[in-house]
Structures are given as C-alpha cells and as structure tokens.
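Q: Can we go through the charged pairs in this one? Short answers are fine.

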Amino acid sequence: MVDHPRARKLADRIKEIVAQLLDTRIKDPRLGFVTVTDVRVTGDLQNASVFYTVYGTDEERAGTAAALESAKGLIRSEVGKQTGIRLTPTIEFHLDSVPETAAHLDAALVEARRRDAELAALREGKAFAGEADPYRSSEDADAAADDDRA
C-alpha cells in the first residue's frame, strides 16, 4: 500500500483536531483518559480510522467507546471546518491494542530471562560429558597421522 503524502498530512491534522476536541470540547463523563495514537486516512480521503488507547479498566474502555461513538458527528463536523477540504472523511474509532501487546511481550521477555538464569545456575560447576571440543581439528588429524606412521 502506497502512503499518499496528502493522506498522511490530513491524518496528522485529524489527529491534532481530535486530540484537541477530546481535551477541550467533549465533556462526556463516560470519556476516560484517552490518548489518540494514530490516524489512518484512505488514499481517496473518504475514510479516517482513529486509533486510541484508554488507561483504565474494561468498563472505562467500553464507556469511552460509547462516548466517542456519540461524539462522532461533532468531531467530524469540526474536522471538516478546520481542514477545509471539500469532502469530510467519515470517522471510525478503533481501540488500539499496542499497550496490551507490549505488556504481553514484556512478560514473555521476563519469563525468558528467568529461564535463562535457571539454566545458568544449573550449568555452574558442571563439566562436559566428553571432551570440551568434540570436533576434530586439523592439528588432531596431523597428530593422528603421525601416530599411524610411527
């Protein structure tokens, strides 16, 4: 997918407008601590997807989703006024899963470090079952050849 420069500029501007509206004009009590993380606009500038995160519980996320859905008309009209483009894009709100994914990856990394530490503790003071280097080197082959000749 090609990233159109005009669509990217419009997405950045929509992100600013929506963040400003959520901070100043929308006074819905269901609206939680919202952060607009990204906006993606289609190449024809007809649809805008606004990605957001909410700090809090699942109930606060659901309340915020309902508040954003009810304020969608106000946000779209304000986007149209402030951008000045001929056709105002439709706006869809999507809960961004980046924080949950990052927390899951952090937990996996912590678990991997814990297991590595366990293996390192088990390895301490242990010796190899055979030789430290089980592979033959060229020096070993030369020494074996000399032994065979003698």
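A: Here is a quick run through the salt bridges. Keep in mind that this is a predicted model.

Q: How many salt bridges does a search of the whole structure find?
A: The search turns up eleven salt bridges.

Q: Start with D38. Which residue does D38 form a salt bridge with?
A: D38 pairs with R8. Their closest N and O atoms are 3.6 Å apart.

Q: Where do those two sit in the chain?
A: D38 is in strand β1, residues 33–41. R8 is in helix α1, residues 5–24. They are 30 residues apart, and the pair links distant parts of the chain.

Q: Is R8 buried or exposed?
A: In between. R8 is partly exposed, with a relative accessible area of 29%.

Q: What else does the D38 side chain do? Which side chain does it make a polar contact with?
A: The side chain of R40, at 3.3 Å.

Q: And which residues is D38 in contact with, leaving aside neighbours within four places in sequence?
A: R8, K15, S49, V50 and F51.

Q: Switching to helix α4. What does R114 form a salt bridge with?
A: One partner is E111, with the closest N and O atoms 2.4 Å apart.

Q: Why would those two be about one helical turn apart?
A: Because R114 and E111 are three residues apart in helix α4, which covers residues 98–123.

Q: What about E118? Which side chain does it meet in a salt bridge?
A: R114 again. The N to O distance for E118 and R114 is 2.3 Å.

Q: How many residues apart are E118 and R114?
A: Four. Both lie in helix α4, and the spacing is about one turn of the helix.

Q: Any network? Which residues do salt bridges with shared partners join?
A: R8, D12, D38 and R40 are joined into one network.

Q: Back to the α4 set. Are R114, E111 and E118 buried or exposed?
A: Each is partly exposed. R114 has a relative accessible area of 39%. E111 comes in at 30%. E118 is at 40%.

Q: Last one, in general terms. When can side chains of opposite charge pair?
A: They can pair when their charged atoms come close.

Terms used
Residues are numbered from 1 along each chain as its sequence is written. This is a predicted model: local features need pLDDT of at least 70, side-chain atom pairs count only at pLDDT 80 or more; totals for chains, interfaces and linings use all residues. Side-chain values use heavy atoms; hydrogens and water are left out. A salt bridge is a side-chain nitrogen of Lys or Arg within 4 Å of a carboxyl oxygen of Asp or Glu. Buried means under 20% relative accessible area, exposed over 50%, partly exposed in between (1.4 Å probe, protein chains only). A polar contact is a pair of N or O atoms within 3.5 Å; within protein, one must be able to donate a hydrogen and the other to accept it, and residues adjacent in sequence count only if both atoms are side-chain atoms. Contact means heavy atoms within 4.5 Å.
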